[in-house]
Amino acid sequence: MGSNFELSSQVTHKKPEFHGTIAPYPNFNPRKDVIFLEEAINSRNVDEDTIISVLVQRSNEQRQEIKRAFEADTGKSLADELKSELRSHLEDVVLALLMKPAQYDAFIIRKATKGFGTNEDVIVEVLASRTNQQIRELQEAFKEEYGQTMEEVIDSETDGDFALALHAMLKANKNEGHIVDLALAKKDARVCHLMSDIMVCFVFVLQELFEAGEEHKDIDISVFIDILTTRSGPQLTQTFKHYSKISDVNLPKALDMELRGDIEDCLIDIVKCSWSKPAFFAERLHKAMEGHGTCEDTLMRVLVARSEVDLKKIISEFELMYGKTLQQCILDDTKGHLEKILLGLCGPN
């Protein structure tokens, strides 16, 4: 697993470099866009191409201005108008683009927890990849939109160590600085290695107890959860490096060997996200398109959510990891207006 992180000994105050694929549109005029969209919606056959062209070339903040201008000029909701005219995946992407980022994250979590079954991978994807501020805004948006707190939903849909890990991420208490504490990294690595050794012994004991037909309790892995949900990405990167020096396997492999089920997948995803978010999302996108069938929900979710964050880096990482471009894979696996809007989100070639 590669890393895009560089260790830094001091905090820099430069304006962060933009790695999104959608930037604010120059010479933006929301009322002109309203005219374009209204004509596209009311044309004899809905002009999906114009709708796509406008929305994928405007930043989220600009889309919010378009929504306000559309309602002021027409007395109608732009989202409602588009929902009544569009269908299938194109409708899903367009409505997602019209939401504010926190609203969209709340919608993603709601969809992952509503109805029969829970999509644990999606919940972890969102919580592990968002900043502290984004998680706080997500919780506010979720409560406002759905009348429940995220904690209440997690308690009703999950349990055990997995619920403990989700609650830890919801605290939004992750160090987001760039200074690496080498002593802490070494200490965390030793603690994680000790816990791994304990789990190996514990699993052996469990096997003995299971064969004897006795009950057992799950091991307390809160130490892993605490380290993985509170340390910064660069700090964890250094911890992983020290861990690999004192262990025969890397930390994700150790977790894979000794844990099972949702908590295993959760902690491994946190590790991957901490190591490199672009690589984490590149893997997500590749899995959505490999083999037979395509998971359009994953493609839409990732491209919309990361288009103004780090999609350029994800696209570069995808080609580096898999030897072909994300755009070519989208061309191979999708078609029609879904293909067009997804390629639009990837930015100009």
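Okay, let me start with helix H15, which is mostly covered: 12 of its 14 residues are buried. This is a predicted model, by the way, so I'll get to confidence in a minute.

H15 runs over residues 262-275, and from first C-alpha to last it reaches 20 Å, close to the 20 Å you'd expect at 1.5 Å a residue. Who's on the buried list? There's a run from Cys266 through Leu267, Ile268, Asp269, Ile270, Val271, Lys272, Cys273 and Ser274 to Trp275, plus Ile263 and Glu264. So yes, Glu264, Asp269 and Lys272 are among the buried ones.

Next up, the second largest pocket. It holds about 1,200 Å³ of space. Which residues sit closest to its centre? Those are Tyr104, Phe107, Ile108, Lys111 and Arg301, out of 44 that line the pocket. As for the character of that lining, we have 21 charged residues, 18 nonpolar and five polar.

Now, how far do we trust the thing? Mean pLDDT for the chain is 85, with 83% of residues at 70 or more. Going element by element, helix H17, residues 296-306, comes out highest with a mean of 98, while helix H11, residues 182-212, is lowest at 54.

Two stretches need a flag. Residues 1-12 have pLDDT below 50, although the model still gives that stretch 28 contacts beyond near neighbours in sequence. Then there's 198-218, where pLDDT stays under 50 and the model has 14 contacts beyond four places in sequence. Where pLDDT is low, the predicted coordinates shouldn't be read in detail.

How values were computed:
Residues are numbered from 1 along each chain as its sequence is written. This is a predicted model: local features need pLDDT of at least 70, side-chain atom pairs count only at pLDDT 80 or more; totals for chains, interfaces and linings use all residues. Side-chain values use heavy atoms; hydrogens and water are left out. On a 1 Å grid over the protein atoms alone, a cavity is a set of points where a 1.4 Å probe fits but cannot get out, and a pocket is an open set with protein on both sides within 12 Å along at least five of seven lines; lining residues have an atom within 4 Å of a point. Grid points are joined across faces, edges and corners, and a volume is the space filled by probe spheres set on the points. Ala, Val, Leu, Ile, Met, Phe, Trp, Tyr, Cys and Pro count as nonpolar, Asp, Glu, Lys and Arg as charged, and the others, Gly among them, as polar. pLDDT is the predictor's confidence in each residue, from 0 to 100. Helices (H or I, at least four residues) and strands (E, at least two) are DSSP runs, numbered from the N terminus. Contact means heavy atoms within 4.5 Å. The expected span of a helix is 1.5 Å times one less than its number of residues. Buried means under 20% relative accessible area, exposed over 50%, partly exposed in between (1.4 Å probe, protein chains only).
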